[in-house]
Amino acid sequence: MFKTDYSYSNNEAAVITCLFGGFAGESEYRAEASRLTRTLGETTPFQRKQYFCCSYDPPLKPYGRRNEVWFLQEDP
């Protein structure tokens, strides 16, 4: 299982993401969102009340699955 945190931005939006593997359901997404929130701390400006869940693989793919949790970054 892999985990990575990174930030991406363009002219439309800026997001802070957490990448993780495995089969993800609601509890896994909540746990990763909570972990990313703790990692970012209180000083990073992002929207804490909502997050986006992304899964990039079909349900029948058993290995090497890619999932992400996204928070929208706010202007400082």
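Buried here means under 20% relative accessible area and exposed means over 50%, with partly exposed in between.

**Figure 1. Overall view of the chain in this predicted model.** From the N terminus on, the elements follow the order β-β-α-β-β, the chain having 1 helix and 4 strands. Of the 76 residues in the chain, 28% are buried, and the accessible surface comes to about 5300 Å², with carbon and sulfur atoms contributing 55% of that area. Among the contacts in the chain with a separation of 6 or more, 53% are between residues 24 or more positions apart.

**Figure 2. Close-up of helix H1, residues 26–40.** The helix has 15 residues, and the distance from its first C-alpha to its last is 21 Å, which is close to the 21 Å expected at 1.5 Å a residue.

**Figure 3. Close-up of the buried residues of H1.** Tyr 29, Glu 32, Ala 33, Leu 36 and Leu 40 are the residues shown, and each of them is buried. They lie on the same side of H1 because they cover an arc of only 100° around the axis. An α-helix has 3.6 residues a turn, so residues three or four places apart point the same way.

**Figure 4. Close-up of exposed residues on the other side of H1.** Ser 27, Arg 30 and Arg 38 are found on this other side, where they are exposed, in contrast to residues such as Ala 33 and Leu 36, which are buried.

**Figure 5. Close-up of the position just after H1.** Gly 41 follows the helix directly and takes a positive phi, with a value of about 75°.

Notes
Residues numbered from 1 in each chain as written. Predicted model: local features only at pLDDT ≥ 70, side-chain atom pairs only at ≥ 80, totals over all residues. Heavy atoms only, no water. Helix = DSSP H or I, 4+ residues; strand = E, 2+ residues; numbered from the N terminus. Buried < 20%, exposed > 50% of the residue type's maximum accessible area, 1.4 Å probe, protein only. Contact = heavy atoms within 4.5 Å. Areas by Shrake-Rupley, 256 points an atom, 1.4 Å probe, with all protein chains shown as cover. Expected span 1.5 Å × (residues − 1). Arc of directions from axis to C-beta.
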